[in-house]
Amino acid sequence: MSASGGTKAIVAALAANLAIAVAKFVAFLFSGSSSMLAESVHSLADSGNQGLLLLGGKKAQREATPQHPFGYGRERYIYAFLVSIVLFSVGGMFAIYEGYEKIKHPHEIEAWYWPVGVLVFAIIAEGFSFRTAIAESNQTRGKLSWTQFVRRAKAPELPVVLLEDLGALVGLVLALGGVGLALGTGNGVWDGIGTLCIGILLIVIAIVLAAETKSLLLGEAAGVEDVEKIRASVVDGDTVTRIIHMRTLHLGPEELLVAAKIAVRAEESAAEVADAINEAEKRIREAVPIARVIYLEPDIYDEAAAAAGENPAKAPGGPASPDGTPSDGEASDGDASGSGTSHGSSSPGGAPKESGH
């Protein structure tokens, strides 16, 4: 995983959760608190989740193969999605089952100082992990709100750790409240209610994580800022006069595919067009270093044909502009040129020129 900040946050969370899981389970053995059992399983599931994130980062570093020519960058998305499944099934569903059982068959908490002491220790440890995740996220978050950061981040590790740590802290407070009410009232039902609330919380967080990682797995375009940088880099005003249309796709958190049809002057020779494409690729990489795979297809732009053509938003996949509407000067594939054919750097199979890794 190239994002060292993400790795640091994962390792901090893993160390904290392993220590907390052992402490919670010991407290459960001495006290019989269902909240402590649910929390120990929660911390154990979180530890496994951090292991999955580290494994995904390791697998994503594999070199591209003929069967997977764009590499394995999306392994990180797959393992982040698995985290949401583990959090839902192991953490959330177990806590709901345990809470239901303790509400149905309540019993008093024994040796109260064990669960209370462990919960206070766990809150401190989780707070340290959460603080580390916040500090590492702030290095890449920029001016985005926390909600925007979780929704827009292309690297899944930091949002996953942030939500897990937040859920753990809230869960600990719920467990402490359940144990406290059970001790204060002498009614063990409150311990079961606290456990049930922990389960509901974990399921909500798991659903949020699943929704966000599903979007990444389906394939997301580059962010608005990167799209604008790429647009500004392609056109040189000399040979390349405009972008007819463009699409981007994240092959992984730190690998971007850029595909564009560009307008060139009709009088330019094939050699001049090829040189212009090479220069455009160089400018794109300087502006957006994660743009690793670049396809640029030259064409002759015909303004009258473009004005009479169909709206590219109606085409499968839509236009490349971030707001979902055609950008100024963009046209669909078949409407941008008088002949409807491309010129220059196409392979015999019709594929546009690819810039190598």
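Lys-261 counts as buried, at 5% relative accessibility. In this predicted model, Lys-261 forms a salt bridge with Asp-299, and the closest N and O atoms are 3.3 Å apart. The lysine lies in strand S2 (residues 255-264) and the aspartate in strand S3 (residues 291-299), so the pair ties together parts that are 38 residues apart in sequence. Asp-299 is likewise buried, with a relative accessible area of 0%; the threshold for this class is a value under 20%.

This ion pair belongs to a wider set, for the count of salt bridges comes to 8. Another of them joins Arg-76 to Glu-157, with 2.8 Å between the closest N and O atoms. Here Arg-76 lies in helix H3 and Glu-157 in helix H6, so the pair ties together parts that are 81 residues apart in sequence. Arg-76 is buried, its relative accessible area being 4%, and Glu-157 also counts as buried, at 3% relative accessibility. Through shared partners, salt bridges join Arg-76, Glu-157 and Glu-254 into one network.

A further salt bridge links Glu-136 with Lys-8, where the closest N and O atoms are 3.6 Å apart. Since Glu-136 lies in helix H4 and Lys-8 in helix H1, the pair ties together parts that are 128 residues apart in sequence. The two partners fall into opposite classes of accessibility: Glu-136 is buried, with a relative accessible area of 8%, whereas Lys-8 is exposed, with a relative accessible area of 52%.

The ion pairs may now be placed within the overall architecture. The secondary structure of the protein comprises 10 helices and 4 strands. Read from the N terminus, the order of elements is α-α-α-α-α-α-α-α-β-β-α-β-α-β. Of the contacts in the protein with a separation of 6 or more, 76% are accounted for by residues 24 or more positions apart. Among the 357 residues of the protein, 45% count as buried.

How is the nonpolar interior arranged? The largest nonpolar core has 45 residues, of which Leu-53 and Val-161 touch the most other members. Two or more residues of this core come from each of helix H1 (4-31), helix H2 (34-59), H3, helix H4 (113-141), helix H5 (146-152), helix H6 (157-185) and helix H7 (189-218). Helix H6 gives the most to this core, with 10 residues. Apart from this core lies another, of 21 residues, among them Val-227, Val-264, Val-273 and Ile-277.

The description closes with the surface. The accessible surface of the protein comes to about 16,600 Å², and carbon and sulfur atoms hold 62% of that area. A nonpolar patch of about 300 Å² is made on the surface by Ile-103, Leu-181, Trp-190 and Ile-193. Of these residues, Ile-103 is found in helix H3 (residues 75-104). With a relative accessibility of 31%, Ile-103 counts as partly exposed, and this value satisfies the requirement of over 30% relative accessible area for membership of a patch.

Note on methods. Residues are numbered from 1 along each chain as its sequence is written. This is a predicted model: local features need pLDDT of at least 70, side-chain atom pairs count only at pLDDT 80 or more; totals for chains, interfaces and linings use all residues. Side-chain values use heavy atoms; hydrogens and water are left out. Patches are made of residues with over 30% relative accessible area and no salt bridge: like charges are joined within 9 Å, nonpolar side chains (Val, Leu, Ile, Met, Phe, Trp, Tyr) within 5 Å. Accessible areas come from the Shrake-Rupley method with a 1.4 Å probe; for residues, only the protein chains shown count as cover. A salt bridge is a side-chain nitrogen of Lys or Arg within 4 Å of a carboxyl oxygen of Asp or Glu. Buried means under 20% relative accessible area, exposed over 50%, partly exposed in between (1.4 Å probe, protein chains only). A nonpolar core is a set of buried Ala, Val, Leu, Ile, Met, Phe, Trp, Tyr and Cys residues joined through side-chain atoms within 4.5 Å. Contact means heavy atoms within 4.5 Å.
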